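Here are a few short exercises to work through with the model open beside you. Try each task before you read its solution.

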Amino acid sequence: MCARPKRAPFAVSTTAQVLGFLRGADGYISGQMISEKLGLSRVAIWKHVKTLQAQGCHIETCRHRGYHLIGVPDMPTEEAVVAQLQTRALGRPLLFFREVDSTNRQLAKRATDSAEGLTLVADHQTAGRGRMGRAWFSPAGANVYLSVLLRPAVSLAQIPTLPLVVGCVVASTLENMAPRLPVKLKWPNDLHIHGKKLSGILCELTAETDGVQQVIVGIGLNVNLNRGQLPRAIHQSATSLRIETRRAYSRAEVVAEILNQLEPAYHRWCAEGLKPFLPQLATLDLLKGRATRVEQTGRQAVEGIADGIGEDGTLQLRQPDGSHLFICSGDAHVIPPAAE
Ligand code: BTN
């Protein structure tokens with residue numbers, strides 16, 4: 001068991017619970033009914049309905065019939081995500097912000113006294129962070145920017161394999177939402193479709209002498225971005241779910257689905273390490289069998305034929321003499337075939 005329990009289980013805000021009742025109703029539901037279920041006054045319920053309307057929910061009110069939920073905006077708010085969560089810890093609680101500098105950074109600020117599972121989601125990041133000091137393009141109204149606090153009781157040596165597990169989870173989520181999408185994972189943790197990147201993962205570890213204190217898992221996923229919104233620098237190299245499938249997706253559903261899948265995968269990883277994920281990784285592996293170059297900070301780049309991912313998360317690069325290099329970290333690229 002990874003969680004160090006310190007929580008009231010299933011922490012959900014009252015506004016989210018009110019939205020849950022509205023979603024579950026077949027048409028109108030009376031304020032009286034909701035107030036009895038939640039043990040609150042009808043005025044309190046009305047205030048929560050006002051909050052939901054301010055967040056863009058279309059709710060009709062009728063004096064003698066109550067409230068009727070017509071539609072919810074595509075905003076991954078706490079209310080919208082939590083209504084679809086099946087987790088015990090992840091996303092509980094879930095904090096939603098219209099704008100932050102970086103969800104990883106904001107979660108780190110709140111992590112000290114928080115239990116595992118605290119999650120932060122934003123509509124817009126003004127300083128989204130990528131791996132190796134890069135920026136992550138994070139416009140409003142289009143994508144998922146999500147950070148989750150984990151406190152795994154595992155050895156430090158196991159931590160580098162976590163991003164690969166998260167990559168498997170995001171890939172499965174994408175495959176569920178858009179079946180037949182040819183999702184690939186580029187070691188160590190980029191997700192690609194047709195050679196273009198649509199998701200990146202940034203895991204930030206805090207360790208103490210006695211081991212892992214916390215890991216913040218940050219996931220950026222291009223969901224409803226249009227091609228025209230992509231800046232020049234990543235126009236050729238990036239894509240989104242919408243660009244690939246020509247339809248829009250509910251970001252709240254994407255966030256809930258990632259968390260629903262991440263929780264059991266995370267517990268399995270805590271108990272068994274990367275081994276159970278190796279078959280999925282082998283299927284997703286974008287680099288397998290391809291001439292690959294890996295840039296490593298402060299070291300010379302290495303090249304070889306990618307020969308799979310090991311149980312310790314290393315990328316195995318076959319050398320011309322048949323031996324292997326085992327690469328722990330870096331930025332991998334397929335070497336384009338030389339022009340004739
Ligand atoms: C990469 O591929 O370089 C990793 C990108 C990770 C981006 C996500 S968006 C949510 C979270 N907050 C951040 O500032 N970064 C991660």
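**Exercise 1: the whole chain**

The protein chain holds nine helices and 14 strands, where helices (H or I, at least four residues) and strands (E, at least two) are DSSP runs numbered from the N terminus. This is a predicted model, in which local features need pLDDT of at least 70, side-chain atom pairs count only at pLDDT 80 or more, and totals for chains, interfaces and linings use all residues. Residues are numbered from 1 along each chain as its sequence is written, and side-chain values use heavy atoms, leaving out hydrogens and water.

Task: find what share of the 340 residues is buried.

Solution. Start with the cut-offs: buried means under 20% relative accessible area, exposed over 50%, and partly exposed in between (1.4 Å probe, protein chains only). By that rule, buried residues make up 50% of the 340 in the protein chain.

**Exercise 2: one residue**

Task: place Thr-15 in its helix, decide whether Thr-15 counts as buried or exposed, and list what Thr-15 touches.

Solution.
1. Thr-15 sits in helix 1, which covers residues 14-24.
2. Thr-15 counts as buried because its relative accessibility is 9%.
3. Leaving aside residues up to four places away in sequence, Thr-15 touches His-48, Thr-51, Leu-52 and Glu-79; contact means heavy atoms within 4.5 Å.
4. With His-48, the Thr-15 side chain also makes a side-chain polar contact at 2.9 Å. A polar contact is a pair of N or O atoms within 3.5 Å; within protein, one must be able to donate a hydrogen and the other to accept it, and residues adjacent in sequence count only if both atoms are side-chain atoms.
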